[in-house]
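Thank you all for coming. I would like to walk through one model this morning, beginning with a helix and then moving on to the cores.

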Amino acid sequence: MSLKIAVLNLMPKKIETEKQLKKKIVGLNKSINFTFIKTATYTPKNTDIDYLNKFYFEFDEIKDEDFDGFICTGAPLEKIPFESVIYWDELTKILNWCKKNIFSSFFICWGAQAALYHYYKIEKHLMKEKISGIYSQKKVLKNEELTKQFSSEILVPVSRYATTKISDIDKNKELTLILNSNISGPCLIANKNNNEYYNFNHFEYDFDTLKNEYIRDLKIDAKTPIPSNYFPKNNPKNKPIDCWSSNSTIFFNNWLSLISNKKGN
């Protein structure tokens, strides 16, 4: 039996994000059926409308279907207050549906910040400048199912303008910190009772995603810092080394195992 995963893809380059997720979520020899969701209250500008109409669904079209898992991607909206986002009301409607109908949910970057704000009123905090690069994350919770095969520290791509305070996480007894960096801050937290996972960083990134973001940002600001710990010898002319994909595959496969065990497959 296949697993049904709903994906709310809020990223501008939707096809690129689709490919990244499909590459990492390989399925433990099980078939994975993805259903991609688009917002009804905002029409994306960076993806062909015919493609969206053919391969994406609005929430009202799929809300009565049964899904095993749910993913909400990030979005380049960290500098905007949550309530000022055009599709905020629609997003909260989807998040409420998720809470009641999905066995396990995985939220990425801004998607994680938005879900934490909606569910627990945890604020995001803008940093002085964007943090971008590869950062070591330490295991805080050693018996967590999704990270049990990791070593004590792993490398994960980071790319964001905002962070979440550990003190805010600690105030909520439902939330548990799983991965953390003294430099880049919290990486992965969970509501274990509801099988909700919030990753502020990017297990799903390809080896050259940070490079492409850096090139994009340079066109806007010539003083954009080089992503940390990413290019060999800190030289953007050198090909980046993919040092996280194996752990990414482990993480997503562990997530699928969690879902699959629930179904008894």
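**Helix 4 and the cores**

Helix 4 has 14 residues, which at 1.5 Å a residue should span 20 Å, and because its end C-alpha atoms are 20 Å apart, the two values agree; the expected span here is 1.5 Å times one less than the number of residues. Helices (H or I, at least four residues) and strands (E, at least two) are DSSP runs, numbered from the N terminus.

Please keep in mind that this is a predicted model, in which local features need pLDDT of at least 70 and side-chain atom pairs count only at pLDDT 80 or more, while totals for chains, interfaces and linings use all residues. Residues are numbered from 1 along each chain as its sequence is written, and side-chain values use heavy atoms, with hydrogens and water left out.

The buried residues of helix 4 include Trp88, Leu91 and Trp97, where buried means under 20% relative accessible area, exposed over 50% and partly exposed in between, with a 1.4 Å probe and protein chains only. Among the partners against which these buried residues pack are strand 1, strand 4 and helix 5.

The largest nonpolar core (buried Ala, Val, Leu, Ile, Met, Phe, Trp, Tyr and Cys residues joined through side-chain atoms within 4.5 Å) has 37 residues, with Trp97 and Trp110 among those making the most contacts inside it. Its largest share, 8 residues, comes from helix 5.

A second, separate core of 30 residues includes Leu179 and Cys187. Cys187 is also among the residues that Asn180 touches, contact meaning heavy atoms within 4.5 Å. Asn180 lies in strand 8 (residues 175-181) and counts as buried because its relative accessibility is 11%.

Terms used. Lists of a residue's contacts leave out its neighbours within four places in sequence.
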